Each structure stands twice: as C-alpha cells, then as structure tokens.
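Work through the exercises below with the sequence and the structure at hand. Each task sentence is followed by a solution in steps.

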Amino acid sequence: MAVIKLSEAKINFIKDVCKSYGNKPGEVINVLHKVQGEYGYLPAEVQELVAKELGIPVSRVYGIVGEYPISVCLGTACYVRGAEKVLDELKRQLGINVGEVTPDGKFSLTCLRCVGACGLAPVIEVGDKVYGRMTPDRVKDVLAEYK
Amino acid sequence: MINVTIDNKQIQVPEGTTILKAARMAGIHIPTLCYFELAGMKFENKPGGCRVCVVEVVKDFNGRPRRNLAPACATDCVEGMEVLTHSARVINARRTVVELILSDHPADCLTCAKSGNCELQSLAQYLGIREIPFKGEQSHYRQDMSPSIVRDMDKCVMCRRCENMCNNIQTVGALSAINRGFSAVVAPAFEQDLVDSPCVMCGQCVQVCPVGALSEVDDTRNVMAAINNPKKTVIVNTAPATRVALGEEFGMPAGTIVTGQMAAALRRLGFDYVFDTDFTADLTIMEEGTELLGRIKKFMAGDKSVRLPILTSCCPGWVNFFEHNFPDMLDVPSTAKSPMQMFGAIAKNYWAEKMGIKREDLVVVSIMPCLAKKYESKRKEFYKDGNPDIDYVLTTRELARLIKQFNLNLKDMPSEDYDDPLGESTGAAVIFGATGGVIEAATRTAYEVFTGKQCPKIDFTELRGMEGIRDAWVDFDGTPIHIGIAHGLSNARTLLERVREGKEQFHAIEVMACPGGCVGGAGQPYHHGNSEIIKKRTEAIYREDAGKPIRKSHENPSIIKLYKEYLGEPCGHLSHELLHTHYFDKSEHVEISE
C-alpha cells in the first residue's frame with residue numbers, strides 16, 4: 001500500500017481544481033496549469049492525486065508534466081557579458097551539468113544561442129519566462145521563485 | 001460504398017475504410033510496423049508513426065496525384081482514389097524509413113530474446129537491407145527487470161502498442177510515453193521500475209511488442225541447472241492452455257492438441273515426474289465451488305454479511321489488478337489459490353511426504369501460458385522457510401526453446417500419459433484455459449453438489465464465447481444462479497464497477513486478465529495480432545474436454561483419494577492451510593501529512 005502524503009490545504013485545493021473542471025480526464029492539462037500556478041511546481045504526490053481525482057493513470061500525468069527547463073543563452077552578446085559565469089553558478093547551485101535534470105526532477109539545464117533579447121544580455125529562460133541582465137548573484141533569487 | 005483502385009485492382013469498400021484495410025480486403029499485403037490489430041478484441045493501434053506503410057496516391061479526391069506519400073494505416077479511401085502500394089518510389093521510401101529506424105537500434109539480433117519473432121528483423125529481411133547508411137547518436141535507457149518482464153528501451157521503436165494495450169485494453173496504466181523528441185521513452189510514472197508501478201505483470205505488452213524492447217524473464221537456465229543436479233528431484237506441471245499452443249512453435253497449425261507429445265518431450269528433457277496442473281485445476285473447483293456454495297447457502301438463509309458475487313482467483317494478473325484497483329473489495333474474491341500454487345502446495349507437502357523427499361531437495365517447475373505466473377510464484381506468502389512452493393515457471397515459448405535445444409521435434413514425439421497421482425484430470429480442468437472455462441467447470445460440480453442430482457447437461461455453451469463481458473442465468477434445479485464473465489482487464493473493470501455501484505447482481509464472476517483467457521496469454525507463442533489463432537486454440541480446448549472420459553472435477557478418482565487420504569473435506573482445516581490465501585491492498589492512498 002503506497003501512501004500519498006500532502007497537507008490538508010493542498011489536498012482540498014487540488015480536489016477543488018479537479019472538480020471545477022468536472023473531474024474530466026480531458027482537462028488534465030488545464031488542471032495541471034492551475035495547480036502549478038498555485039504551487040509553482042508539480043511534485044510526484046501532486047501528480048498522483050491529480051491522476052486519482054481525474055481517474056487516469058499517473059503515468060499519463062507524468063507523461064505530460066515536464067521539469068522547468070532552464071536555458072542559458074550563450075549567444076555572442078550574452079557570452080561577452082558574462083553568461084558563462086551565470087551558467088557556472090547555475091550548475092553549482094543545481095548540482096547538475098548541462099543536459100541533466102536535478103534529482104528531484106524539478107529543473108533541467110540547457111544552453112541555447114540567442115533568444116533575440118540581446119539588449120538584456122546576459123539572458124536566461126526558465127520555462128517561458130525570460131530573466132535579463134543576469135548575474136551569478138541573482139541566480140539564487142531566480143531559483144527561489146520556483147521552490 | 002466507394003470505389004478505389006489499389007495496384008490496378010478495382011474494389012469497393014465502405015466509407016471510412018483506410019487504404020491499409022482496403023488493400024488487405026483485396027489481398028494486397030502492405031508491410032507495417034507500428035500498426036497492430038487484434039480483430040474481434042476491439043484493439044487497434046494506429047499512431048501512424050513509423051511510416052513503413054506509406055503508399056503512393058496517384059489519383060486523389062481532386063483527380064490529381066498527392067504530392068507526399070501517405071501512411072496507409074491512417075489515410076481513409078476516397079471515391080475514385082488510385083493507389084500504388086509497391087511503386088519504386090514507395091519501396092525506396094520504405095527502405096529509407098527502416099534504415100533510419102535501424103540507425104537507432106542495437107544490432108544485437110544474435111542474442112536478442114525476440115530474434116526470429118521480431119517484426120523489425122522481418123522488415124529488414126523483406127526489404128533486403130544489408131547495411132545501415134545512417135550513422136549518428138543512439139538513444140540509451142537503463143534496463144529494468146521485474147519478476148516477469150524485461151524492459152530494454154534501447155530497442156524500442158515507439159510504436160506505442162504496449163502503451164495502448166496497457167492503458168486501453170487492460171486499463172492498468174503502468175506505461176506511458178514520457179519525455180519528448182529523441183529522449184522520448186515508454187516508461188512507468190516518475191521513471192520508476194516496473195515492480196514499483198501499478199503493473200500487474202499480465203505481460204500483454206510483451207505479447208504485442210514488435211521488437212525485443214519487452215520480453216519475458218528467461219528461466220530456462222535455472223531449470224536446466226536443477227535437472228543437472230543429481231541431488232534434486234525435479235517435477236513439472238503443465239497448464240491447460242499450453243497443450244493447445246505449443247505445437248505452433250513446431251510448425252503445426254494453430255489449435256493442434258499436443259498433450260501426449262508434450263508429456264513425452266518433458267520426460268526426454270530429464271524431468272523426474274511429469275504432472276499436470278489440470279489435476280489441481282480439479283482441486284481448485286472442489287475448493288472454490290465449495291466456497292461459492294457456502295456463500296450462496298448462507299446468503300439464502302438470510303445472512304447479509306456474506307459477500308457475493310464470488311470472484312475467481314486463478315489468474316495472477318487479475319489478482320494483482322484487484323489488489324491495485326479494488327482495495328475495498330478484497331474480501332470478495334475466492335480465497336482459493338490458483339491451480340499452479342495449489343500444485344506447489346500439494347507437491348511439496350502431500351506428495352513429498354508420500355515419496356519421502358525433503359522439501360529442499362524437491363524442485364517444482366511449472367509450464368505456463370503466462371508471465372504473471374512467474375511473479376505469482378515469487379509472492380512471499382507462497383514460501384515456507386525460504387523455500388517456494390513453485391521454484392520456476394517457464395512459458396510455453398521457453399519450453400519450446402528447450403525442446404528444440406534437445407534436438408527434439410514435437411511432431412516426432414510419441415503420445416505419453418502423465419504420471420500418477422498428480423497427473424490425472426478431467427475435462428472440467430482443461431477448459432480453465434479458455435475464457436468462461438473456470439466458471440463452467442465450477443458450474444458442472446456446484447450444480448450436482450447443490451442439488452444432489454445429476455446435472456442434465458455437461459456443456460454450458462451459454463458460458464462460452466469471445467464477447468468481452470458475458471452473463472448467463474443457470475438454473476440450479478429451481479434456483480436461478482447469475483454468472484458473469486469478463487476477459488481483458490478493461491472488461492473486468494467495467495463489470496466490477498457495475499457490481500460495486502449495485503447496478504447488477506451476480507452470484508459468481510470469472511475474470512481472466514488476458515484477451516481470450518489463458519489461450520491468449522502472454523507466455524504463449526506470439527500471435528502477431530492474428531486473433532484467429534486464439535479462436536483455434538479455444539476450439540481445441542473444448543475438443544480436448546469433449547474427448548475426456550471424465551468431465552466433472554468431483555469425479556476425478558485421484559482428487560477423491562486426495563481428500564480421503566490427506567485433506568479431509570473441501571474447505572476443511574488442512575485445505576485452508578495449504579490451498580487458500582489472502583490478498584493485500586496495493587492501491588495508493590491519500591493521507592494528510594502536516
């Protein structure tokens with residue numbers, strides 16, 4: 001017997017969200033968006049509860065959910081303005097290398113070339129949110145937003 | 001009806017027919033890889049992903065040729081369409097597609113478990129591929145092994161058949177495609193191991209996997225080592241459904257009965273005694289039938305605490321399924337062990353004592369049509385002092401491999417009998433191999449025990465058939481008994497939910513996890529989607545039953561003797577100790593933590 005442990009408030013919130021979408025399996029993406037909006041991310045317990053409420057296998061929920069992809073721009077403009085130092089700090093704080101996922105499945109780290117925001121260099125992206133004028137000092141604060 | 005021309009052959013097909021199906025109607029073969037259909041079982045997998053079935057549409061709905069090649073499995077025919085399935089352009093494209101798939105596939109056919117049964121291997125042969133022109137990165141994923149199933153995702157071609165089977169036909173929900181693009185892989189949630197997932201080990205994913213990505217755990221070496229050990233007495237028992245399928249591995253037509261040849265071959269392999277699981281299938285009927293009648297009598301006497309319907313518990317995939325999905329109904333299934341586990345208990349207690357063999361010197365091997373049986377034999381409650389009741393389980397396929405290694409051909413084998421006393425069985429036992437068989441066997445015995453009269457008929461044809469959910473009323477001499485049957489776990493789920501909601505009432509329900517029952521089990525020779533094979537095996541099962549001199553379990557002389565000499569009475573004290581079991585809640589529970 002496996003046990004899903006969550007706080008009462010969280011359980012009730014998730015159940016309410018699922019209910020507001022009629023507990024329909026087809027609404028799984030909307031449900032996940034809403035729950036993520038409230039809690040910032042989607043740990044295993046939350047995915048299991050959502051699956052249970054919607055009556056779908058948790059493997060299907062997990063197949064939809066991804067981690068937060070952190071992309072560091074290493075285009076020319078970002079690079080000359082210290083993107084590499086930002087990348088090193090991200091590696092250090094997350095404890096992973098480029099192309100890897102953190103053990104809790106929350107963040108992945110990749111590099112890319114230019115997001116067209118060179119005026120804000122150096123730039124990183126977390127999910128679809130862009131952070132400009134990054135410095136190694138700011139890494140901690142940015143990650144904290146997702147904890 | 002619409003008119004289409006395929007390879008210059010004019011045919012009429014109903015609207016909504018795909019090019020692939022239309023071609024098959026016209027007798028034209030289009031090679032496929034991801035596409036899979038199990039006709040009559042409502043299983044069709046057509047993700048249109050592999051592009052092996054591409055064809056050239058030389059005349060489309062607008063009278064002009066289509067610019068791109070079309071996947072035949074996912075393109076509907078339209079009026080006036082003209083299609084070429086084997087033009088030079090098509091063959092070229094098809095070869096490139098397979099070459100690309102092979103460029104990300106380990107080339108280890110020599111040692112692959114599916115070699116000889118692999119659909120990708122057949123395609124490469126068919127297209128005459130001699131080298132792989134594309135070189136690049138290959139995808140890698142860790143291997144995973146449960147007691148029944150080996151997952152080697154490096155070999156996966158992302159056909160999604162297993163995922164479709166697991167989620168839609170079985171509603172188990174263990175496997176899903178996760179990650180995207182090149183890192184996409186079919187895996188359990190959170191990339192857990194299969195043993196930690198809701199997997200029930202039915203193995204239908206292995207049965208439909210076109211390549212070696214999913215295969216059975218191989219126990220043949222362990223069995224050979226035991227046979228080679230002079231200190232050990234090695235005995236074997238063969239499940240009902242194996243005798244109607246093993247012949248296929250030796251080129252015999254589906255539905256050939258090879259009971260006697262199989263017993264002979266097992267002796268040549270070096271087993272000391274060749275017994276039959278059918279013997280303990282008869283024993284199962286005695287125990288389960290008595291339990292059913294006990295519950296019905298109590299219920300009719302007004303005892304409201306009694307749980308009806310009784311559910312059969314022979315199928316280990318089904319047992320896993322209700323432990324995961326129906327934790328509130330754990331007291332509903334019969335507590336009777338499966339025939340295989342009953343065999344282990346009787347062999348390692350009654351028979352071993354009788355023969356003066358120490359438990360640790362006795363090795364019991366089972367030949368099963370099933371992958372879940374491998375797991376079942378390893379359940380802790382079936383061990384005594386660290387020694388299991390059943391030591392090894394071989395599938396029908398594994399047995400065929402062993403027989404071939406011994407340079408034996410089943411076709412040349414004489415027909416031999418099983419050894420006594422654990423080899424004697426009735427027709428009621430053999431039909432355990434087909435959907436509806438267990439409950440028919442139980443009905444034959446329960447009727448006579450309940451009414452005290454001889455049953456006017458033996459064949460309860462109303463309980464037979466291939467429909468996923470069936471029900472019938474059987475008249476027990478004035479008392480109507482309502483019987484339900486489901487095969488395939490989605491059907492079982494539907495039926496059980498109806499019962500839970502109180503929409504329907506039954507006295508007894510039989511469930512088999514695999515489509516068709518054990519004849520369609522995951523350990524049987526690969527059927528490659530040909531459901532005719534499953535039907536032929538089913539017919540053979542009923543033929544074998546009809547040919548048996550005794551066809552009711554309670555008339556089996558060895559069973560009568562077993563109760564007289566050893567067990568006492570069905571559901572008695574010793575029976576409860578040896579032949580009954582209990583179930584565990586394996587579901588997920590939500591609990592408040594803070």
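## Exercise 1: a sheet in chain B

The model is predicted. In chain B, four strands form an open sheet in the order S15-S22-S21-S20, and the pairing is mixed.

Task: Explain why one side of S15 and of S20 of chain B is left without a neighbour in the sheet.

Solution.
- Strand S15 (310–311) and strand S20 (469–476) of chain B stand at the edges of the sheet.
- Each has a single partner strand, so one side of each has no neighbour in the sheet.
- Away from these edges, strand S21 (residues 479–487) and strand S22 (residues 508–512) of chain B run parallel and are joined by five bridges.
- Ile483(B) stands opposite Ala508(B) in S22(B).

## Exercise 2: chain B as a whole

Task: Decide how the radius of gyration of chain B compares with what the globule rule gives for 594 residues.

Solution.
- Begin with the secondary structure: chain B has 18 helices and 23 strands.
- The radius of gyration is 25 Å, close to the 25 Å from the globule rule for 594 residues, so chain B is as compact as a globular protein of that length.
- Along the principal axes, the C-alpha atoms of chain B fill a box of roughly 80 × 65 × 55 Å.
- Of the 594 residues of chain B, 51% count as buried.
- Among contacts in chain B with a separation of 6 or more, 74% come from residues 24 or more positions apart.

## Exercise 3: domains 2 and 3 of chain B

Task: Describe the side of domain 2 of chain B that touches domain 3 of chain B.

Solution.
- Take the bounds from the domain assignment of chain B: domain 1 (2–86), domain 2 (103–216) and domain 3 (282–337 + 426–557).
- The C-alpha centres of domain 2 and domain 3 of chain B lie 33 Å apart.
- Domain 2 of chain B gives 15 residues to the contact, and domain 3 of chain B gives 14 residues.
- On the domain 2 side, helix H4 (161–169) and helix H5 (204–208) of chain B are the elements that give two or more residues.
- H5(B) provides the largest share of this side, three residues.
- By residue class, the domain 2 side divides into seven nonpolar, seven polar and one charged.

## Exercise 4: the contact between the chains

Task: State how many residues each chain gives to the contact, and which elements of chain A supply its side.

Solution.
- Chain A gives 19 residues and chain B gives 20 residues.
- In chain A, strand S1 (2–6), helix H1 (8–20), helix H3 (44–54) and helix H4 (58–64) each supply at least two residues of the side that touches chain B.
- The chain A side divides into eleven nonpolar, three polar and five charged residues.

## Exercise 5: H3(A) and the nonpolar cores

Task: Establish whether H3(A) is mostly covered or mostly open, and place Val50(A) in the nonpolar core.

Solution.
- H3(A) is mostly covered, with nine of its eleven residues buried.
- The buried residues of H3(A) include Val46(A), Leu49(A), Val50(A) and Leu54(A), and also Glu45(A), Glu48(A) and Glu53(A).
- After H3(A) comes Gly55(A), whose phi is positive, near 65 degrees.
- In the largest nonpolar core, of 190 residues, Val50(A) and Ala513(B) touch the most other members.
- Helix H8 (residues 277–300) of chain B gives the most to this core, eight residues.
- Another core lies apart from it, with 16 residues, among them Val86(A), Leu87(A), Leu109(A) and Val123(A).
- Leaving out residues up to four places away in sequence, Val50(A) touches Ile14(A), Cys18(A), Val31(A), Leu32(A), Val35(A) and Val61(A).

Note on methods
Residues are numbered from 1 along each chain as its sequence is written. Chains are lettered from A and ligands numbered from 1 in the order in which they are written. This is a predicted model: local features need pLDDT of at least 70, side-chain atom pairs count only at pLDDT 80 or more; totals for chains, interfaces and linings use all residues. Two residues are in contact if their C-beta atoms, placed from the backbone, lie within 7 Å. Ala, Val, Leu, Ile, Met, Phe, Trp, Tyr, Cys and Pro count as nonpolar, Asp, Glu, Lys and Arg as charged, and the others, Gly among them, as polar. A residue is buried if 20 or more other C-beta atoms lie within 10 Å of its own, exposed if 12 or fewer, and partly exposed in between; C-beta atoms are placed from the backbone. A nonpolar core is a set of buried Ala, Val, Leu, Ile, Met, Phe, Trp, Tyr and Cys residues joined through C-beta atoms within 7 Å. Domain bounds come from an automatic or database domain assignment. The radius of gyration is taken over C-alpha atoms; the globule rule is 2.2 Å times the number of residues to the power 0.38. Two strands pair if DSSP finds at least two bridges between them.
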